[in-house]
Amino acid sequence: MTGEQLYVSHAPGDLELVQELFSTVKNFPIGVHIALEEIESGRSRTRLTGRISNSDVVAVVLTEQSATNQWVNQEIGYAQAKGIPILPLYDHEQLRGGFVGDIEGVTIDRQNLSVTVFNLLCRLRSELAPLGALSVPNWYVEFPCTSPGCTHSVTLEIERAQTKLWKLHRRGRHLTADCAECETRYYFDPGTIGFVGREDRHRQRH
């Protein structure tokens with residue numbers, strides 16, 4: 001998977017929640033376009049239809065604020081008309097109606113957003129899964145090594161299925177990625193793929 005595009009429709013008052021939910025997703029090689037961030041970068045909301053048209057998935061964050069928001073409702077209708085898969089995230093089932101009433105979505109658990117992020121990644125992996133025999137796309141996160149003086153990049157390969165990642169999370173285990181040049185090891189939460197910390201293994205041996 002590389003180069004997929006994701007548009008996130010939401011009410012203005014939910015921007016902070018949306019940014020928290022999708023911060024990890026932005027680490028993947030996916031173009032994440034959050035409505036209000038697009039507006040802040042100079043676009044008007046009426047001109048975001050191009051972003052929606054070019055998206056592989058449209059995520060819709062449904063809260064009390066967004067359920068009656070005209071822009072959110074219009075963007076849902078536009079995505080539906082274009083045949084673009086819609087992924088609803090909602091505070092409670094009653095907010096999931098209309099075009100998204102029968103679509104499998106993700107319940108937002110505001111007391112434990114890690115669970116919500118995990119379930120969001122589950123649904124995205126399902127929507128963006130390649131056709132054919134491969135049921136789990138090879139997801140990865142690539143980032144520059146932050147060890148002083150090192151200029152190489154590090155890649156965290158994510159080959160396990162979501163259920164196995166959650167088991168690791170429950171056990172307090174981590175995913176690791178090593179820099180091939182300086183041997184710095186990076187640790188990530190298997191549930192959210194959030195960065196946990198790094199260990200300079202090369203220096204420890206000297």
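Buried means a relative accessible area under 20%, exposed means over 50%, and partly exposed lies in between. The exercises below apply this to a predicted model.

**Exercise 1.** Determine whether Glu 183 is buried, partly exposed or exposed, and state where Glu 183 is found and what sign its phi has.

*Solution.*
Step 1. Glu 183 is found in the loop that joins strand 8 to strand 9.
Step 2. The relative accessibility of Glu 183 is 31%, so this residue counts as partly exposed.
Step 3. Phi of Glu 183 is near 70°, a positive value in a residue other than glycine.
Step 4. For comparison, most residues other than glycine have a negative phi.

**Exercise 2.** Carry out the analysis of Exercise 1 for Ile 193.

*Solution.*
Step 1. Ile 193 lies in the loop between strand 9 and strand 10 (195-200).
Step 2. The relative accessible area of Ile 193 is 4%, and therefore Ile 193 is buried.
Step 3. Ile 193 is a residue other than glycine with a positive phi, near 60°.

**Exercise 3.** Describe the surroundings of Thr 184 and of Thr 176.

*Solution.*
Step 1. Thr 184 belongs to strand 9 (residues 184-188), whereas Thr 176 belongs to strand 8 (residues 175-178).
Step 2. With a relative accessible area of 0%, Thr 184 is buried; Thr 176, at 37%, counts as partly exposed.
Step 3. Neighbours within four places in sequence are left aside for Thr 184, whose contacts are then Cys 145, Ser 147, Ala 177, Asp 178, Cys 179, Arg 198, Glu 199 and Asp 200.
Step 4. With its neighbours within four places likewise left aside, Thr 176 is in contact with Leu 156, Arg 185, Tyr 186 and Tyr 187.
Step 5. Thr 176 and Phe 195 are 19 residues apart in sequence, and their C-alpha atoms are 9.9 Å apart in space.

**Exercise 4.** Describe how helix 5 (residues 113-127) packs with helix 6 (residues 162-170).

*Solution.*
Step 1. Two packed helices are described by the angle between their axes and the distance between the axes.
Step 2. Helix 5 and helix 6 pack at an angle of about 160°, and their axes are 10 Å apart.
Step 3. Angles over 145 degrees count as roughly antiparallel, so helix 5 is roughly antiparallel to helix 6.
Step 4. The crossing of helix 5 with helix 6 is right-handed.
Step 5. Helix 5 contributes Ser 114, Val 115, Phe 118, Leu 121, Cys 122 and Arg 125 to the contact, and helix 6 contributes Gln 162, Leu 165 and Trp 166.
Step 6. Sorted by class, the contact of helix 5 with helix 6 has 6 nonpolar, 2 polar and 1 charged residues.

**Exercise 5.** Describe the contact of helix 1 (residues 15-22) with helix 5.

*Solution.*
Step 1. The axes of helix 1 and helix 5 cross at roughly 65° and come within 9 Å.
Step 2. On helix 1 the contact is made by Leu 17, Glu 20, Leu 21 and Phe 22, and on helix 5 by Leu 113, Thr 116, Val 117 and Leu 120.
Step 3. The residues of the contact of helix 1 with helix 5 divide into 6 nonpolar, 1 polar and 1 charged.

**Exercise 6.** Summarise the chain as a whole.

*Solution.*
Step 1. The chain has 7 helices and 10 strands.
Step 2. It comprises 206 residues, of which 45% count as buried.
Step 3. Among contacts in the chain with a separation of 6 or more, 56% are between residues 24 or more positions apart.
Step 4. The chain exposes about 10800 Å², and carbon and sulfur atoms supply 46% of this area.

Technical notes. Residues numbered from 1 in each chain as written. Predicted model: local features only at pLDDT ≥ 70, side-chain atom pairs only at ≥ 80, totals over all residues. Heavy atoms only, no water. Helix = DSSP H or I, 4+ residues; strand = E, 2+ residues; numbered from the N terminus. Buried < 20%, exposed > 50% of the residue type's maximum accessible area, 1.4 Å probe, protein only. Contact = heavy atoms within 4.5 Å. Areas by Shrake-Rupley, 256 points an atom, 1.4 Å probe, with all protein chains shown as cover. Axes fitted to C-alpha atoms, helices over the stretch in contact; angles between N-to-C directions. Parallel < 35°, antiparallel > 145°, perpendicular 65-115°, else oblique. Left-handed = near helix turned anticlockwise from the far one by under 90°. Nonpolar A, V, L, I, M, F, W, Y, C, P; charged D, E, K, R; others polar.
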